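Dear colleague,

I am handing over the structure below, together with an account of what was found in it. Please have the sequence and the model open while you read.

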Amino acid sequence: MDSNRNFVVGIFEDEDVLLHAVEHTREKGLKIHEVYSPFPVHGLDEALGYKRSRLPIAAFLFGMTGTSLALLMQIWMLGYDWPMIIGGKNYASLPPFIPVTFEMTVLLAAFGMVGTFFIASDMKPYKWPRQFDIRSTDDKHVMAIDLATNKMSKEEISALLKSQGASEVNEKNF
Amino acid sequence: MIADEKYIFKPATKQKLFILIGVGLLLFAVGVFMAKNGGHHEGAEKHASQEIAKSLVASTEPAEHVASTEHHGSPVWLKRIYTSLWQNNIFFGGIGIIGLFFIAIQFAAQAGWSAPIKRIPLAIGHWIPFAGILMVGLWFLVKGDLFHWTDHSLYDVKSDHYDKILMGKSAYFFWPLHAGSFPFFFVLRMVLFFGLWYLFFVWIKKEMLAEDINGGNSHWLASRKLSAYFLVIFAVSSSVSAWDWVMSIDPHWFSTMFGWYVFASWWVTGLATITLIVANLKGAGYMKVVTQNHIHDLGKFVFAFSIFWTYIWFCQFMLIYYANLPEETVYFIQRMRTAPYSWIFYANIFLNFALPFLLLMTRDAKRQISMLKVVCPIVIVGHWFDFYNMITPGAMKLEGGVGFLEIGLAMVFAGAFLYVVLNALSKLQLVAKNHPFMQESLNHHI
């Protein structure tokens, strides 16, 4: 964990107040590190200006890998490595391979997506997430602002958050 | 909350539809003329493959059946007209009934998102009575040529044509009359199903329109109740009608997946039709309350049920392919291995699975009206071929084809269908005025 990062942490009671606060503080040029909420808030991604996740592309590529692997495996096994006649069909007949191909596609797409998500969001064993305020898991929305990425002073940010409806503003060091 | 909005059925649109019908009739006339006078324009190659197919069919059916299909009943050109009429009516009638089914699903599921677009499936449902009258009328016209089982000599023990298998199934057609007479039970089901569908259509429509005037929740609750009853009835009647009107064309063959298969094909075609009409209305500046989010949901429906149809298609094909029982595989041999139908069999999968699956896969594609305007016609045409593939090989044996005759009739049906639907739509409020879920739908966000 990188040492000594200073954050200003705004606590919000209501998701509508939070949404407007996010929009307004970003208009004022403030860079928001992250917002934590106890439940999904509609429109928060757009308000924070997040780009759409590219996870579906990874899912598609993993799925295609599954499709190709399954087909290659079955055709090689039943057509070349150990040719076997089953049910009077050709060695490598496509229709019975489809269910296995489908399952492999789903399996690799699912596992690949979970793995990609873990790596992309830096989740790994013995890595503990920063806890800005424990109440974000219960009933408060928490907006964290990294001082290092903003030109404004601690006091200015604090005043801005208060004016936007934060019920309290704290500091947090990691 | 919702402003009065009506679709204006412009004379220019009417004219376009009349031109569509006119060109369809012209192509149809040319097709009939060619079929009547051109005769058999078969090359040596086609002939050879027909011989192979004949021997394949002959090995699984009694010899006299194959021989008797050659010169039996009406001349080939008339048979082609009958088959095409029947196929088009099943196809467009199915889209009509899906209009009602879509509404019923939305009510039963208490769906909020669909509130502003429900009037389009309601307009599509106006085709149900036309399809019903055509269906009963056509049945008496085409029965001798399409429905082998109507031949009374099949049920006569003393006759050469006596068919033990069909004798076993005869109660399903003829009850309570004796086998080989008037198919009372069959015709009763046809009338009963269309009667019930139309009745529920009228009832649900009444509630939906009364809601515009009176407001409140009572009309919505009444619609939900009616929808639930309708869904139970439709669950049974859609399957049975698939067996009756489509599967009984091949009376010796059966598939336990068939009811679902026909339903899946109707359903995805209906969804594509609804989406296409919504997309076009949006493009013409109507329905401001419909946003990209509603379009996205419709796109997801078309995408998902294209895959669902493929799943049903594969379930039916795979089991028959793997079990390899002659009386079941004959159906696919007729379709996959014979010259006039083989390309349709493969085009069916390409148009109805591969294209919608790849084209509608991304989120952006489902949200773009321009993309849906490409994919929905593909799906609709694809499923027209799907019904062709179900009906024509059984009815025409090796004498079928897709020519001016079939395309012309399809255009006539499409023109008439669109005229009825758009005419009905112009008489309705385009967006429900007092729908209890309207506010939810206006804020719909995905």
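Which residue in β3(A) is the bridge partner of Val8(A)? In this model, which is predicted, that partner is Ile145(A).

The pairing belongs to a wider arrangement around strand β1 of chain A, which covers residues 6-12 and is mostly covered, with five of its seven residues buried. Strand β1(A) runs antiparallel to strand β3 of chain A, residues 141-146, and six bridges join the two. Six bridges also join β1(A) to strand β4 of chain A, residues 168-173, and here too the strands run antiparallel; within β4(A), Glu168(A) is the bridge partner of Ile11(A). As you look at these strands, it may help to recall that in a regular strand the side chains alternate between the two faces of the sheet.

Turning to chain A as a whole, you will find five helices and four strands, and these follow the pattern β-α-β-α-α-α-β-α-β when read along the sequence. The radius of gyration of chain A is 25 Å, well over the 16 Å that the globule rule gives for 174 residues, so chain A is more spread out than a compact globule. Its C-alpha trace spans about 80 × 35 × 30 Å along the principal axes, and buried residues make up 18% of the 174 residues. Of the contacts in chain A between residues at least 6 apart in sequence, 79% join residues at least 24 apart.

Chain B, by its elements, has 17 helices and zero strands. Its radius of gyration is 23 Å, close to the 22 Å that the globule rule gives for 446 residues, so chain B is as compact as a globular protein of that length. The C-alpha trace of chain B spans about 70 × 50 × 45 Å along its principal axes, while buried residues account for 42% of its 446 residues. For chain B, 82% of the contacts between residues at least 6 apart in sequence join residues at least 24 apart.

One residue of chain B can serve as a landmark. Leu78(B) sits in helix α4 of chain B, residues 76-108, and is partly exposed, with 15 other C-beta atoms within 10 Å. Its C-alpha atom is separated by 35 Å from that of Cys315(B), which lies 237 residues away along the chain.

Finally, where the chains meet, the contact takes six residues from chain A and seven residues from chain B. The side of chain A that touches chain B has three nonpolar, three polar and no charged residues.

With best wishes

Notes:
Residues numbered from 1 in each chain as written. Chains lettered and ligands numbered in written order. Rg over C-alpha atoms; globule rule 2.2 N^0.38 Å. Buried ≥ 20, exposed ≤ 12 C-beta atoms within 10 Å, placed from the backbone. Contact = placed C-beta atoms within 7 Å. Pairing = 2+ DSSP bridges. Nonpolar A, V, L, I, M, F, W, Y, C, P; charged D, E, K, R; others polar.
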